[in-house]
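Okay, thanks for coming, everyone. I'll put the structure up and then talk you through it piece by piece.

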Amino acid sequence: MRIATWNVNSVRQRVDHLLAYLKEAEPDVLCLQEIKCMDDAFPRLEVESAGYNVATHGQKTFNGVAILSKRPIEVTRGLPGDDADEHARYIEALVPHDTGVVRVASIYLPNGNPPLTDKYAYKLAWMDRLIAHARGLLKLEEPLVLAGDYNVIPDARDAADPQAWDGDALYLPATRERFRELINLGLTDAVRACSDEAGLYTFWDYQAGAWPRNKGIRIDHLLLSPQAADLLQSYAIDKHMRALEKPSDHVPVRIDLA
DNA sequence: ATGACTTGCGCGGCAAGA
């Protein structure tokens with residue numbers, strides 16, 4: 001079973017790339033972030049014609065997440081823990097699998113910049129809510145994949161130039177502590193379970209020649225429950241997607257589960 | 001060359017991203 005995650009940076013700007021990706025990578029499940037549109041503006045017909053069920057949690061202008069699945073899914077929208085939070089950043093689905101079900105979430109964790117503002121406080125509070133929710137999900141003892149744009153650089157080896165990120169909300173000690181707290185619940189970073197290499201990036205800024213100079217960072221992650229980690233076979237970062245015309249600034253990351 | 005872009009909204013630049 002193949003599960004992928006991709007911050008598409010506006011799905012309406014990326015329909016051609018999306019359809020090409022579904023055709024070439026053939027994921028069973030694709031988690032999207034930053035669709036940047038309302039549910040009814042999602043290119044549903046095109047994606048359904050490609051053989052996918054579509055579940056969106058959209059929002060006007062900003063944010064928005066989706067889960068595309070070859071097989072029909074049962075969907076829950078929103079991250080519990082704050083009824084006043086109106087950002088569309090979390091959608092969860094139960095996906096049928098040959099040997100039962102896999103629970104998959106598409107996550108768009110807040111950026112949090114600039115630090116020392118309400119935006120950074122919102123990021124940390126959102127991470128605390130995610131930790132609380134993950135703690136509950138882990139009690140189900142089922143294969144669980146928390147996939148998405150975490151806006152967290154976990155470690156120095158996950159940035160081409162770590163010093164450039166000193167003081168940034170993606171790399172601040174408090175951010176990385178929260179990420180470790182999440183991992184330490186018993187989750188496995190799928191890419192790191194397969195490789196300890198440096199230079200495995202998933203994002204390159206549009207500015208300052210970040211892509212041609214390979215000044216990337218690894219911020220898109222798939223975190224696995226023990227039951228999902230038992231099934232992990234391989235991962236891939238589809239870096240070629242960054243070299244296309246009008247690319248997203250993120251590339252898809254995918255895993256194969258047995 | 002120390003490399004300031006891309007999106008939505010909506011029609012003029014601003015906010016947001018990372």
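**A walk through the model**

Let's begin with isoleucine 3, which touches Pro27, Asp28, Val29, Val104, Val145, Ala147, Leu222, Arg254, Ile255 and Leu257, leaving out residues up to four places away in sequence. Before going further, keep in mind that what you see is a predicted model.

Ile3 is a handy way into the core. The largest nonpolar core has 70 residues, and Ile3 is among those with the most contacts inside it, together with Leu32, Ala66, Val104 and Val145. Which strand gives this core its largest share? That's strand β7, residues 100-108, with five residues. As a general point, nonpolar side chains in soluble globular proteins tend to be buried together.

Now zoom out to the whole of chain A. You can count six helices and 14 strands. Its radius of gyration is 17 Å, and the globule rule gives 18 Å for 258 residues, a close match, so chain A is as compact as a globular protein of that length. If you like boxes, the C-alpha atoms fill one of roughly 45 × 45 × 40 Å along the principal axes. Of the 258 residues, 43% count as buried. And if you take the contacts between residues at least 6 apart in sequence, 68% of them join residues at least 24 apart.

Next, helix α4, residues 173-183. Which of its residues are buried? Those are Thr175, Arg178, Phe179 and Leu182. Looking down the axis of α4, you'd find these buried residues within an arc of 100°, so they line one face of the helix. Over on the other side of α4 you have Pro173 and Glu177, which are exposed. And what sits over the buried residues? The cover includes α3, residues 118-138, and β12, residues 220-224.

Alanine 174 is in α4 too. Is alanine 174 buried, exposed or partly exposed? It has 14 C-beta neighbours inside 10 Å, so alanine 174 counts as partly exposed. Its C-alpha is 8.0 Å from that of leucine 124, with their positions 50 residues apart in sequence.

On to the DNA side. There are 25 residues around DNA strand B, and Ser10, Thr61, Asn111, Tyr206 and Gly209 come nearest. By type, the surface near strand B divides into eight nonpolar, ten polar and seven charged residues.

Now some backbone oddities, for those of you who like to check torsions. Asparagine 113 and proline 114 are joined by a cis peptide bond, with omega at about -5°. You'll find proline 114 in the loop between β7 and α3.

Then there are two asparagines to look at. Asparagine 9 isn't a glycine, yet it has a positive phi of about 50°. It sits in the loop between β1, residues 2-7, and α1, residues 15-25. Asparagine 151 also has a positive phi of about 50°, again without being a glycine, and its place is in the loop between β8, residues 144-149, and α4.

What about their surroundings? Asparagine 9 has 18 C-beta neighbours inside 10 Å, so it counts as partly exposed. Asparagine 151 has 27 C-beta neighbours inside 10 Å, so it counts as buried; the cut-off for buried is 20 or more. Who does asparagine 151 touch? Setting aside residues up to four places away in sequence, the list is Leu109, Pro110, Asn111, Gly112, Leu170 and Ile219. Asn111, you may remember, is one of the residues that come nearest to DNA strand B. Tyrosine 235, on the other hand, is 20 Å from asparagine 151, C-alpha to C-alpha, and 84 residues apart from it in sequence.

One last stop, serine 195, in the loop between α5, residues 190-194, and β10, residues 203-204. Serine 195 has 10 other C-beta atoms within 10 Å, so it's exposed. From serine 195 to serine 234 it's 9.8 Å, C-alpha to C-alpha, and the two are 39 residues apart in sequence.

That's my tour. Questions are welcome.

How values were computed. Residues numbered from 1 in each chain as written. Chains lettered and ligands numbered in written order. Predicted model: local features only at pLDDT ≥ 70, side-chain atom pairs only at ≥ 80, totals over all residues. Helix = DSSP H or I, 4+ residues; strand = E, 2+ residues; numbered from the N terminus. Rg over C-alpha atoms; globule rule 2.2 N^0.38 Å. Buried ≥ 20, exposed ≤ 12 C-beta atoms within 10 Å, placed from the backbone. Contact = placed C-beta atoms within 7 Å. Core = buried A, V, L, I, M, F, W, Y, C linked by C-beta atoms within 7 Å. Arc of directions from axis to C-beta. Near = placed C-beta within 6 Å. Nonpolar A, V, L, I, M, F, W, Y, C, P; charged D, E, K, R; others polar.
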